[in-house]
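Me: Got a minute to go through this model with me? I'd like to talk about what's inside and how the strands line up.
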Amino acid sequence: MKLSLSLLSNVFFATTILARPHSRAERRATRTLKSQPLIPYTGPVGPDPVPDSSNVQYSDNWSGAVLTAPPAGQTFNAVSGTFTVPTVSPPSGAGSGSWASSAWVGIDGDTYGNAILQTGIDFTVTKSGGSVSQSFQAWYEWYPNNAYNFAMDVSAGDVMAISVHSTSASAGTVTIENVSTGASVSKALTAPGSGSHLGGQNAEWIVEDFEEGGSLVALSNFGTVTFTDCVAKTSSESLGVSGATVIDIKQNGNVETSVTIESSSSVQIKYV
């Protein structure tokens, strides 16, 4: 389901995160983290630094590219893409605290909000005094369940090939390959309930400001994430990101990302 369209304040984000600066693995292990369906932005208009923004959709939590409908009479059953894990940093001028974001591919969650089959990598940066540290966590999720960890070493600069594949509306597989190290993990999943079957209506390549404990986390400066080799499949066709809807994160009137469709198989997502 799509959540309330009310905008969460950055003050609340910061209070939640700064009070609990533990590791991403600890957070995921407590089952308090989850990605969410697209939350349309409904806050103040504010300045808009994104050129040619007339074709951009704004969201509180998603940035990236979405195919919002499959070819007529078909459904999406697989989505894949490759990206390089970025070096993350605190927002400019930030004091001590913790900030995070997550890159993933998935099926559904935009115009079809009952379920999302997805997998990806969390990026977290923590600042304490003059010390800044990064951490990364591979994960998978069948929304509305919370996210679960994969046991995989991930570092900034690693090339990650990630994919989801549904074998039916209620079953599928997620896979992450660390191309840089040769490690690979995979997990077969089933829908958490009869109301969370896939519709196969959306295919996504996203960097998300995800949820912890019912609120969006403070967004990290993830630099640039570029998904390449972007493919969405149906039972009879393979599609790229040409014609995809571009989505940018906008919070409290401020546009936080800039997304560019670079080719039929590549989308660039920049923190601004």
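Me: F83 and F227, buried or exposed?
Reply: Both F83 and F227 are buried. Keep in mind that this is a predicted model.

Me: How do the rings of F83 and F227 sit relative to each other, stacked or edge-to-face?
Reply: Edge-to-face: the centres of F83 and F227 are 5.3 Å apart, with 65 degrees between the planes. F83 is in strand β4 (residues 78-84) and F227 in strand β15 (residues 224-233), so the pair ties together parts that lie 144 residues apart in sequence.

Me: And Y140 with Y148, what kind of pair is that?
Reply: That pair is stacked, because the ring centres of Y140 and Y148 are 5.9 Å apart and the planes are at 20 degrees; the cut-off for stacked is under 30 degrees. Y140 is buried, at 10% relative accessible area, while Y148 is partly exposed at 30%.

Me: How many aromatic pairs does the count come to?
Reply: Seven aromatic pairs. There's also one aromatic cluster formed by F83, F123, F136 and F227.

Me: What about charges over rings, which residue lies over the face of Y58?
Reply: K250 does, at 4.6 Å from the ring centre of Y58.

Me: OK, on to the nonpolar core. Which residues touch the most other members in the largest one?
Reply: The largest nonpolar core has 55 residues, and those touching the most other members are F83, I121, F123, M160, I176, W205 and F227. A second core, separate from that, has 10 residues, among them W104, I116, Y143 and I247.

Me: You just mentioned Y143. Which residue is joined to Y143 by a cis peptide bond?
Reply: P144, with omega at about 20 degrees. P144 is in the loop between β7 (131-143) and β8 (148-149).

Me: Switching to backbone angles, what is phi of D108?
Reply: Near 75 degrees, so to speak on the positive side for a residue other than glycine. D108 sits in the loop between β5 (97-107) and β6 (116-128), and D108 is buried, with a relative accessible area of 0%.

Me: And N252, where is that one?
Reply: In the loop between β17 (245-251) and β18 (254-255). Phi of N252 is near 55 degrees, again a positive value in a residue other than glycine. N252 is partly exposed, with 31% relative accessible area.

Me: Back to β5, then. How many of its residues are buried?
Reply: 11 of the 11 residues in β5. Both faces of β5 are covered. On one side the buried residues are G97, W99, S101, A103, V105 and I107, and on the other they are S98, A100, S102, W104 and G106.

Me: How does β5 pair with β6?
Reply: In the antiparallel sense, over 11 bridges. A103 has I121 as its bridge partner in β6, and I121 is also one of the residues that touch the most other members of the largest nonpolar core.

Me: And with β12, how many bridges does β5 have?
Reply: Six bridges, with β5 and strand β12 (residues 203-208) pairing in the antiparallel sense. There, V105 has W205 as its bridge partner. W205 is on that list for the largest nonpolar core as well.

Methods
Residues are numbered from 1 along each chain as its sequence is written. This is a predicted model: local features need pLDDT of at least 70, side-chain atom pairs count only at pLDDT 80 or more; totals for chains, interfaces and linings use all residues. Side-chain values use heavy atoms; hydrogens and water are left out. Rings of Phe, Tyr and Trp (its six-membered ring) pair if their centres lie within 6.5 Å; planes under 30 degrees apart count as stacked, over 60 as edge-to-face and the rest as tilted. Helices (H or I, at least four residues) and strands (E, at least two) are DSSP runs, numbered from the N terminus. Buried means under 20% relative accessible area, exposed over 50%, partly exposed in between (1.4 Å probe, protein chains only). A charge sits over a ring if NZ of Lys or CZ of Arg is within 6 Å of the ring centre and within 35 degrees of the ring normal. A nonpolar core is a set of buried Ala, Val, Leu, Ile, Met, Phe, Trp, Tyr and Cys residues joined through side-chain atoms within 4.5 Å. Two strands pair if DSSP finds at least two bridges between them.
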